[in-house]
Amino acid sequence: MEEKQHKRRIHYAGKYPRKFEEKYKERNPEKYADEIAHVIAKGNTPAGMHIPIMVDEILSVLAIHPGECGFDATLGYGGHTMRMLEALQGRGHLYGGDVDPIESEKTIARIRAKGYGDDIWSFRRMNFCEIDALAADVGPFDFVLADLGVSSMQIDDPARGFSYKTNGPLDLRLDPETGVSAAGRLAAMTQDEIEGMLIENADEPYAAAIAKQIVRDERRAPIETTRALHETIERALKTVHFPKGTTPEEQTDAVKKSSARTFQALRIDVNREYEVLYEFMEKLPAALAPGGRAAILTFHSGEDRIVKKAFQAFYRAGVYSDISNGVIRPSKEECYRNPRAHSTKLRWAIKA
């Protein structure tokens, strides 16, 4: 028998790895539990890992009983799915859906490794707005969860282009196998379209200046990397007249916030997130069984408005017997443990 060659671990300069692809401990958290626990205890999310948000609140809302059928519409890292499977106690069935082909494969392997087979859990590569097709195939659901946040694994991986903090291709697609990248979208849009996108998708206060600078820089050379877009935003805000007394530190902070909002606006546009959410909210009631519960996590005001209005409209029409009165927010303790939970809002509805 041919001896299998031992593959040496990546070596890197310095005491700690700096590049994402070198962070072998964070990218394989199951193998390095102590190190991962230490990172989380400091209030950080390990690179390549996602900490599920508001798990206890979601389980309370969904009130899962053994034998029921459910749907985790946005599988992600699988943290919520694991807890919902525990609640089923080996009876019933849970379906998981996601459009991301890269992270889905890792999550499927993670869930199967925990001993959950096809008898209790199934995965569908799908956009969550296709919930009607899934329900037509497998029957209505007793509980549905939709976590609308981008997973930390996607944000942390420079190759996905979701953050300006590390340089990478300006992509931002949840499914990199379909559609047009963020770089392609920017190249095709007019100044007015870019400005409108920044206002509608992120309430960007400096939308006009940023849109103007993007078009100006695109004429010189295509903006194709996350760093290039961040530098364009820096140049744009240098043309802005800040209030008298604004410190250099405050101006630097303004650039960071505008970059974050611009990336958010582009991600929403590239993935048609609002259109997809509208479609999902319209189809959700028909996919629920009588008494079925739905819980939705949102992460910015645009998403929350869509969810709120849809729940209220169907409640007034008698489709839902009850909906959440306002939003449920994560605790201060959770926000400390996981800073990415700060902007989270949870709403729920029960099918009549």
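So, to start: is Lys257 buried, partly exposed or exposed? Lys257 has a relative accessible area of 47%, so it counts as partly exposed, since the exposed label needs over 50%. Keep in mind that what we're looking at is a predicted model.

Let's stay with that lysine for a moment. Lys257 makes a salt bridge with Asp253, and the closest N and O atoms sit 3.2 Å apart. Why do these two line up? They're four residues apart in helix H12, so about one helical turn separates Lys257 and Asp253. Asp253 is partly exposed too, at 34% relative accessible area.

Okay, salt bridges more broadly. Side chains of opposite charge can pair when their charged atoms come close. How many salt bridges does the structure hold? The count is 20.

Here's another one I like. Arg185 pairs with Asp269, with 2.6 Å between the closest N and O atoms. This pair ties together distant parts of the chain: Arg185 belongs to helix H8, residues 182–188, while Asp269 belongs to helix H12, residues 248–270, and the two are 84 residues apart. Arg185 comes out as partly exposed, with a relative accessible area of 27%.

Then there's Asp118 with Arg112, a salt bridge whose closest N and O atoms are 2.6 Å apart. Asp118 has 58% relative accessibility, so it counts as exposed. Its partner Arg112 is at 30%, which means partly exposed.

And it isn't always a simple pair: Asp56, Arg83 and Glu86 are joined in a salt-bridge network.

Now, cysteines. How many disulfides does the structure hold? Zero. Two cysteines to look at are Cys69 and Cys129. Cys69 is at 16% relative accessibility, so it counts as buried. Cys129 is at 8%, so it counts as buried as well.

Last stop, the second largest pocket. It holds about 660 Å³ of space. Thirty-six residues line this pocket, and those closest to its centre are Val99, Asn127, Phe128, Leu174 and Asn271. Which elements each supply at least two residues of that lining? Those are helix H4 (79–88), strand E2 (93–98) and helix H13 (273–287). H13 gives the most, with three residues. As for chemistry, the lining of the second largest pocket splits into 14 nonpolar, 14 polar and eight charged residues.

If you've got the structure open, try H12 and look for both of its salt-bridge residues from earlier, Lys257 and Asp253. Then go to Asp269, also in H12, and follow its link to Arg185 in H8.

Terms used. Residues numbered from 1 in each chain as written. Predicted model: local features only at pLDDT ≥ 70, side-chain atom pairs only at ≥ 80, totals over all residues. Heavy atoms only, no water. Disulfide = S-S within 2.5 Å. Buried < 20%, exposed > 50% of the residue type's maximum accessible area, 1.4 Å probe, protein only. Salt bridge = Lys/Arg side-chain N within 4 Å of Asp/Glu carboxyl O. 1 Å grid on protein atoms, 1.4 Å probe; cavity = no way out; pocket = protein on both sides within 12 Å on 5 of 7 lines; lining within 4 Å. Points joined across faces, edges and corners; volume = space filled by probe spheres on them. Nonpolar A, V, L, I, M, F, W, Y, C, P; charged D, E, K, R; others polar.
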